[in-house]
Amino acid sequence: MRLAISTGGGDAPGLNAVIRAATLSAIARGWTVLGIKRGYAGLLGEDEVVPLTADSVRGIAHLGGTILRTTNRGNPFEFPRLQADGTYKNFDRSDELIDNARNLGIQAIISIGGDGSLGIAQKLVDKGMRIVCVPKTIDNDVSGTVTTFGFDTAVSTAIEAIDKLHTTAESHDRVMVLEVMGRDAGFIALHSGVSGTADVVLLPEIPWKLEHVVQAIMERDRRGRKFAIVVVAEGATDESGQVSIIGESMPGQARRVGGIAQRLAHAIQEQTGKECRSMVLGHLQRGGMPTGYDRLLATRFGGAATQAVADGKWGHMVALQTPNIVTVPIKEALKEPKRVDPTHDVVRTARAVGISFGDRPAAV
Ligand code: F6P
């Protein structure tokens, strides 16, 4: 078996642990392993395909990022190319990719990526490629798996930020608004907000009103707690139902959400008269060492992906269905994106301990 591994989309802590586990377990089966650089760019003549050996994956399990590098502008079905007039045009380069993979003798691919990469993998499988996927995203928005590696690390980073914001907020009697990642899913905000004991948590999945946020903060103030911590998901819609879009995306890239924290802090300051500050945690959530949980999950996913290749599970992704690692058809996983269930026990418990989601008046 000549197996190739690729990492696509935004990086997530744990990617290297997957690469290592998949490579070592494949080598243990006597297979040859290749690494496709920068998503599929290595198969499109835009980057390299390199051998992956026991030596090349040594000492990487604890490292963030990906030794194979990645891109979120590498969809081979809509590959952006700069035109003479300075504009970009998308080209379908999937046939070229398939030919190049065949010429390199690649018999199977393990594609590690989020919803975008899963969709691309499915289309390549439909064209006859033999691909097994490993779901990856800090956003935890892929269905069919309890969680994805990278999520726990991102949440831990956000909790550390909330802990730090607490002490400065309390010293100054300020309201601190922290914006966390997650795109259209509120899992990072919910899990970090509850674990970090935020006072208000705003999610894309629970429409909120400024008046309820303000009332929760003022009610807390009345009880003598002069500071407050608000955690807002970057994809939370504002009162008009709009998601805040930050800057320009590059050609071939999904829209970039963000910027809600600053506007929210301004509005809260105006309405409460309390001093507010905002911060965007941003890509810190994607960087650094994966937590122990993520390292273990990534390693399990890597080993399971090799097994799935051995079993010929083309068009499947490995998934955690606690306590087991299973395989799930990509098509199933892509049917619906995973979102926070507003009736989930984490949300109910959060409400029970006094966290406001800004959707109803806080208890007086
Ligand atoms: O999907 C992962 C993610 O980090 C999102 O949480 C975030 O909105 C987006 O990627 C940021 O993308 P980029 O790295 O292109 O700015």
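These legends describe close-up views of a predicted model with its ligand.

**View 1. The two domains of the protein.**
The domain assignment splits the protein in two. Domain 1 covers 2–149 + 290–322. Domain 2 covers 152–287 + 341–352. Their C-alpha centres lie 32 Å apart. Where they meet, domain 1 gives 15 residues to the contact and domain 2 gives 17 residues.

**View 2. The ligand between the domains.**
Both domain 1 and domain 2 give residues to the shell around the ligand, so the ligand lies between them. The space that the ligand takes is the largest pocket.

**View 3. The shell around the ligand.**
Residues surrounding the ligand include Asn72, Ile138 and Asp139. Met181, Gly182 and Arg183 are also among them. So are Glu234, Gln253 and Arg256. His283 and Arg286 belong to the shell as well. By class, 5 residues of the shell are charged, 4 are polar and 2 are nonpolar.

**View 4. Atoms facing the oxygen atoms of the ligand.**
Arg286 places a polar side-chain atom 2.8 Å from an oxygen atom of the ligand. For Arg183, a polar side-chain atom lies 3.4 Å from a ligand oxygen atom. Gly182 takes part through its backbone: an N or O atom there lies 3.0 Å from an oxygen atom of the ligand.

**View 5. How the protein covers the ligand.**
Taken alone, the ligand exposes 390 Å². The protein buries 85% of that area. The residues around the ligand, including Arg183 and Arg286, are those of View 3.

Technical notes:
Residues are numbered from 1 along each chain as its sequence is written. This is a predicted model: local features need pLDDT of at least 70, side-chain atom pairs count only at pLDDT 80 or more; totals for chains, interfaces and linings use all residues. Side-chain values use heavy atoms; hydrogens and water are left out. A residue is near a molecule or strand if one of its heavy atoms lies within 4 Å of it. A polar contact is a pair of N or O atoms within 3.5 Å; within protein, one must be able to donate a hydrogen and the other to accept it, and residues adjacent in sequence count only if both atoms are side-chain atoms. Accessible areas come from the Shrake-Rupley method with a 1.4 Å probe; for residues, only the protein chains shown count as cover. On a 1 Å grid over the protein atoms alone, a cavity is a set of points where a 1.4 Å probe fits but cannot get out, and a pocket is an open set with protein on both sides within 12 Å along at least five of seven lines; lining residues have an atom within 4 Å of a point. A molecule sits in a cavity or pocket if more than half of its atoms lie within 2 Å of its grid points. Ala, Val, Leu, Ile, Met, Phe, Trp, Tyr, Cys and Pro count as nonpolar, Asp, Glu, Lys and Arg as charged, and the others, Gly among them, as polar. Domain bounds come from an automatic or database domain assignment. Contact means heavy atoms within 4.5 Å.
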